[in-house]
Amino acid sequence: MTDELEDVYKYVVVGGGIAGVTCVETLSALCPDERILLLTSSNLVKAVINYQKVSKTLESFDVQEKPMSYIQNDCPNVQVLQKTIISLDAKNHILRTDDGCKFKYQKLCICAGGKPKLISEDNAYVVGIRDTESVQEFQSRLQKARRIIVVGNGGIATELVYEVEGCEVLWAIKDISISSTFVDPGAAQFFLPHLNQEKSQDEKPLKRLKYTSDKEMSVEFQKSSLQTPGGALGPDWSTSLEMKGLQSLCHCVHVEYQVEVAKLWSPEELRNACKTETTHTDLPFTQHPGSWPIYVELTNGKIYGCDFVVSATGVTPNIEPFTENNKFHIASDGGLMVNDKLQTSEKDIYAAGDVCTASWDPAPHWFQMRLWAQARQMGAYAAKSMLADDSGDEIPLDFCFELFSHVTKFFNYKVILLGKYNAQGLGTDHELLLRVTKGKEYVKAVIQDGRLQGAVLIGDTDLEETFENLILNQLDLTPFKDHLLESAIDVEDFFD
Ligand code: FAD
């Protein structure tokens, strides 16, 4: 243990997730002669590979977990150390780590990600999913499970419910339709038949495990990540994993709509309160009365037992190590507020990725969502912004912040979301154009004042580039609106 000042670095970045790694890689490329330090509590870092620009704002890439040496090999002026930050002295530009080291920086970028918001922090039967570690824990529990309850309605919950086989799944959501973070009730209806459908052979796990780590690393990783969070998972995290429970059934999902968890009961507590599990003869579930280690009471009064609960109710930005005695402005969602240069309210400190909250006046069709593409974009832009501040240059806000765009896969369908895809913030004064071919595609265009504001494209629609352009250039579509989604018509022909 030492309390000596370790070293002084021009640029220090905290966090080995997508945001932090992209930030140091960009810094290194733009200033190969400066000393750059990456501090991360995980001993694996996230590397973005196979990066492809699909269109002006849509991008696709894979994420791979790599040893820390990978960055040092590619970026010789970057030093990577496995350290956990426990405090920050923003006034004196000093970071302190849990092993007593101190690091002085000239400019710092905080990319410490987030932690899963759990419905209960101290219940052994409640698990959250964030990193490779927590997925492994989930998989091993699932192997022995007859029934699980998934709470939450975002991307993680949607993917889990789809992937889990051999186990009854009760999906508790607070909304009127499934997957509401990403899609509207219409698209949810499109997905619904797939909830209890058997997956075809070509939908079985891809086995292209992106989150590779050799055995030695895994042991070390397990030890280190008990206390400190690893990086969040990314694209394809669920498709590459076998998620099988104890039973011989395929998919068996029941959705409870418009509910939250009212209370978690142990078997003893339930007995002492003279309460019993709700009889569910109308559900596809088998009866196992009195044999569950945990019971969940929902706000509709129903009580279900299960082997464990997956809490997939979002993330909380991981800001605690940095805030004590400092004057950060904190957003209502708990993130470090950043301006359009990704600067926090503390001098020389930037933040990027899940830990920050975009607090500038955004472009009309962009908003923040804690997703891997935004973490990558913010990491790269924070690096440019740190350098520009040093050189006194003014840099414009990166083009990627002009339009919200996201590519993902739900129920084995390609899903592309563009702009105000759910009419976010548009009030009631907008119209929706729909084209639905059952089992094949779902296309929704959100129009206001004759102009395209957002779109949901499910299936292989091939409309993404055209729609992206229509949102960006705000062309008046009034003359073509009625034909915009006619499948026999090539939309691009309108604009030649
Ligand atoms: P993280 O990846 O969380 O990295 C944070 C880093 O900081 C880690 O290396 C951690 O070890 C380090 N750290 C934390 N605290 C400290 C400390 N005190 N000292 C030092 N280091 C510290 N997004 C999508 O776009 N598509 C998806 O399909 C998708 N699926 C997801 C599935 C799951 C299960 C999860 C959890 C997230 C998913 N996301 C998805 C979200 C996406 O993964 C995140 O938005 C993104 O990875 C955030 O990157 P980040 O670099 O900001 O943070």
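A residue is called buried here if its relative accessible area is under 20%, exposed if that area is over 50%, and partly exposed in between, with a 1.4 Å probe and protein chains only. The model is predicted, so that local features need pLDDT of at least 70 and side-chain atom pairs count only at pLDDT 80 or more, while totals for chains, interfaces and linings use all residues. Residues are numbered from 1 along each chain as its sequence is written, and side-chain values use heavy atoms, with hydrogens and water left out.

**Exercise 1. Decide whether Val-164 is buried or exposed, and find what it contacts.**

Step one is to place Val-164, which lies in the loop between helix H4 (155-163) and strand S12; helices (H or I, at least four residues) and strands (E, at least two) are DSSP runs, numbered from the N terminus. Step two is the classification: Val-164 counts as buried because its relative accessible area is 2%. Step three is to list the contacts, meaning heavy atoms within 4.5 Å: leaving aside neighbours within four places in sequence, Val-164 is in contact with Phe-138, Leu-142, Ile-148, Val-169, Met-243, Cys-250 and His-251. Step four concerns distance, since Val-164 and Val-253 are 89 residues apart in sequence and yet 9.4 Å apart in space, C-alpha to C-alpha.

**Exercise 2. Work out the strand order of the five-stranded open sheet and say which helix packs on it.**

Two strands pair if DSSP finds at least two bridges between them. On that basis the order is S10-S17-S11-S12-S13, with parallel pairing, and the edge strands, each pairing on one side only, are S10 (126-128) and S13 (251-256). From one strand to the next the twist averages 25°, where axes are lines fitted to C-alpha atoms, for helices over the stretch in contact, and angles run from 0 to 180 degrees between N-to-C directions. Helix H3 (residues 132-142) packs on this sheet and touches S10, S11, S12 and S17 (308-311), its direction making about 150° with that of S17. Within the sheet, S11 (residues 147-151) and S12 (residues 167-172) pair in the parallel sense over five bridges, and Ile-149 has Leu-170 in S12 as its bridge partner.

**Exercise 3. Follow the pairing from strand S6 to S7 and on to S8, noting where phi is positive in each hairpin.**

Begin with S6 (residues 85-89) and S7 (residues 94-97), which pair in the antiparallel sense over four bridges, Ile-85 having Thr-97 in S7 as its bridge partner. Their hairpin has four residues between the strands, and His-93 takes a positive phi near 60° there. Next, three bridges join S7 to S8 (residues 102-110), again in an antiparallel arrangement, and Ile-94 stands opposite Lys-104 in S8. This hairpin also has four residues between the strands, with Gly-100 at a positive phi near 85°.

**Exercise 4. Determine whether Glu-297 is buried or exposed, and which side chain it joins by a polar contact.**

Glu-297 belongs to strand S15 (residues 294-298) and is buried, because its relative accessible area is 13%. A polar contact is a pair of N or O atoms within 3.5 Å; within protein, one must be able to donate a hydrogen and the other to accept it, and residues adjacent in sequence count only if both atoms are side-chain atoms. Such a contact, of 2.9 Å, joins the side chains of Glu-297 and Trp-265. Not counting residues up to four places away in sequence, the residues that Glu-297 touches include Glu-260, Lys-263, Lys-275 and Lys-302.
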